[in-house]
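Keep the viewer open while reading. The paragraphs below move from an enclosed space to the RNA, then to an open pocket and two individual residues.

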Amino acid sequence: MTSYRTHSCGALRREHVGQTVFLQGWVHRVRNLGGVTFFDIRDRHGLTQVVARAGDALTQAGKLRPEFVVAITGTVEARDAAVVNTKIATGEVEVVATGIELLNEAKTPPFAINEDTAVSEETRLRYRYLDLRRPALQRNLILRHNVSIAARKYFDSEGFLEIETPILTKSTPEGARDYLVPSRVHKGEFFALPQSPQIFKQILMIAGMDRYFQICRCFRDEDLRADRQPEFTQIDVEVSFATEELIYSIVEGAIVAMWQAAGHTVATPFPRMSYADAMRRYGSDKPDLRPGMEISDVSELFRESAFSVFKDAVSAGGVVRGFVVKGAAGYSRKDLDGLTEQAKQLGAGGLVWVRLAQGALQSSALKAAGEAPLRAAFEACGGVEGDLLLLTSGEETKVATWLGTLRLIVARKEGLLKGDDFRFVWVTEFPLFEWNPDEKRWDSMHHPFTSPQPDDVPLLETNPGQVRARAYDLALNGSEIAGGSIRIHQPDVQRHAFRLLGISDEQAAARFGFFLEALEYGTPPHGGIAFGLDRIVALLCEESSIREVMAFPKTAQAVDLMAGSPSTVDDRQLRELHIATTGK
RNA sequence: GGGGUCGUAGUUCAGUUGGUUAGAACGCUGGCCUGUCACGCCAGAGGUCGCGAGUUCGAGUCUCGUCGGCCCCGCCA
């Protein structure tokens, strides 16, 4: 076998009839009828049926098993109308084999590659190279490729330069845990893998690169989730002289291009919502706009009510909030008890339901509260005949997140979360700081290079918790798919920000000294954003885990089941790196 | 670190109140078969019931521990 294939396994059509072709691929499925053997040959482009009718070809075909690698020489023939296979693109023709060369045998695979059957994820990850042969992952990785290429073309056409930044870089104790790499040359010293290229991209702005992007791997040593892997891919973007409006329009253009690459049309501009609004109306900083079901505040209706649970919550400075589920008055007692139980598991004291059925108001709190305030709340939240209202009370931020979570549970139950309904929303005006109760200090909500809103600068000293940042996230269907900010470009403001975060000038100099120094040399105002490419592709593929759009993902315990990493290393390697381990 | 859930043949699963020799489908092996395309028919092989203790006359089944997959909380600037 010294020739290359003349066609892929998905290429042959009626127009090729009569041609002699040479195909290479995997045996997909064999149908041995005795005097004639049919089999399908597969590559990532498709399937082609091969017929072996006589002679050596028939003998060879009889030895074939699924996943054997073969080279076929043969003639393309049209199939009779009665035996056209409309399920495959090449189904109007077949290749009559004159030669079948076995290029490689294959062990019987641990799961079927030739059918789309359920297999445990553990087995799929152990034999990832076999899972990757199956259509589902092939489709996902092809779509990922198309989206990446579309993003590259878009940013190139908008005048961005793709510039690589170091993988071996410097540890910065803020934020996520770093993956560390010991230095052989410098005893006892370590590189860190980048959590993001944040400082480097800002330095590229200082360096006059103007518009930078990079499709880059980022590393964070934190616990995993369905949408979080220890290494993941960002489309990292930074722009000099940027305003929020410029970033929004650049990002919206990129989203249009990426969605177009996946076959979808996206309307811009995207709606915007402040962080405060998002938390109040959706109980989330990445609101899912698909199900409606906005959260309403009805605290005032219960301030003087007979219902002590709500009344006490309000007088203690808390809130009473809830949302209406359209047409859900028919929920069974079991459904409602289940929701109440879920609310309690989230930490809520309980859940009050109110419904209007055949004109009669029913509620779990009817006796305790009386009808009037419950009816008022029901109407205030937009409830009509046939609807169900779910209410709870307590401290404001807790109530918001309880209801935010419950809202998504109900929306899923109601089938209101369609995967191909893309509802983008900008979330803006994030708080600059959040209180860290363990350390008893303010932490950056985004990162320490984020600029405050100019109007809020006077609050920096007096009321840091009220300072809004020039930070923004792009949320899609309850996922954060991009996040960024306008950065601090004045060195004195940056030093001040570090001090507010409890980072002394000495610490700042040790960790970020090179950056603070760079800021002194004529830094343009700048800002940027980073897209979570894995999450974007997962949403486009309607996959619930980013593992389904990564070629070689890790398990929830951060293990690569195929490669068997992480693993121990030779003592010699450790000695060379000046490393001693403390054992398990 | 915590909570939930799952682990039985190569794969996906069933397995009753704890009771004889742990089943099915697909796959696999052998045989037959000249128009199949999830080919068909016949026969067969295949199990440390994740692992380790314990309870019991007896454990796939009950208890404890442990390992692993998945989901969530914490964590993720």
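**From cavity to RNA**

The largest cavity has L125, R128, F552, P553, D560, L561 and M562 as its lining. Treat every value here as computed from a predicted model. The volume of the largest cavity is about 30 Å³. The structure has one cavity of 30 Å³ or more. How do the lining residues of the largest cavity divide by class? Five are nonpolar, none is polar and two are charged.

Turn now to RNA strand B. The strand is surrounded by 43 residues. R29, N32, R53, S444 and H446 are the closest. Of the atoms of RNA strand B that come within 4 Å of the protein, 57% belong to sugar and phosphate.

Which elements supply at least two residues each to the surface near RNA strand B? They are β1 (20-32) and α2 (121-126). The most comes from β1, with three residues. By class, the surface near RNA strand B has 13 nonpolar, 15 polar and 15 charged residues.

Individual atom pairs add detail. An N or O atom in the side chain of R79 is 2.7 Å from a base nitrogen of RNA strand B. At G34, a polar backbone atom is the partner, and the distance to a base nitrogen of the strand is 3.4 Å. M445 also takes part through its backbone: an N or O atom there lies 3.0 Å from a sugar or linking oxygen of RNA strand B. So where should one look for base pairs of atoms and where for sugar or linking oxygen, given that a polar contact is a pair of N or O atoms within 3.5 Å? R79 has a base nitrogen as its partner, G34 likewise has a base nitrogen, and M445 has a sugar or linking oxygen.

Next comes an open space. The second largest pocket has a volume of about 810 Å³. Its lining counts 32 residues, and those closest to the pocket centre are R412, N477, G478, S479 and L539. Two elements, α13 (396-413) and α17 (533-540), give two or more residues to this lining. With six residues, α13 gives the most to the lining of the second largest pocket. Sorted by class, that lining has 13 charged, eleven polar and eight nonpolar residues.

Two single residues close the tour. Begin with S299, which sits in helix α8 (residues 299-302). Is S299 buried or exposed? Its relative accessible area is 6%, so S299 is buried. The side chains of S299 and D297 are joined by a polar contact of 2.6 Å. Beyond its neighbours within four places in sequence, S299 is in contact with V314, G318, V319 and V320.

V352 belongs to strand β14 (residues 352-357). Why does V352 count as buried? Because its relative accessibility is 8%, and the cut-off for buried is under 20%. Setting aside residues up to four places away in sequence, V352 touches F307, F310, S363, S364, A365, L389, L390 and L391. T392 is 40 residues from V352 along the chain, yet the C-alpha atoms of the two are separated by 6.2 Å.

Technical notes
Residues are numbered from 1 along each chain as its sequence is written. Chains are lettered from A and ligands numbered from 1 in the order in which they are written. This is a predicted model: local features need pLDDT of at least 70, side-chain atom pairs count only at pLDDT 80 or more; totals for chains, interfaces and linings use all residues. Side-chain values use heavy atoms; hydrogens and water are left out. On a 1 Å grid over the protein atoms alone, a cavity is a set of points where a 1.4 Å probe fits but cannot get out, and a pocket is an open set with protein on both sides within 12 Å along at least five of seven lines; lining residues have an atom within 4 Å of a point. Grid points are joined across faces, edges and corners, and a volume is the space filled by probe spheres set on the points. Helices (H or I, at least four residues) and strands (E, at least two) are DSSP runs, numbered from the N terminus. Ala, Val, Leu, Ile, Met, Phe, Trp, Tyr, Cys and Pro count as nonpolar, Asp, Glu, Lys and Arg as charged, and the others, Gly among them, as polar. A residue is near a molecule or strand if one of its heavy atoms lies within 4 Å of it. A polar contact is a pair of N or O atoms within 3.5 Å; within protein, one must be able to donate a hydrogen and the other to accept it, and residues adjacent in sequence count only if both atoms are side-chain atoms. Buried means under 20% relative accessible area, exposed over 50%, partly exposed in between (1.4 Å probe, protein chains only). Contact means heavy atoms within 4.5 Å.
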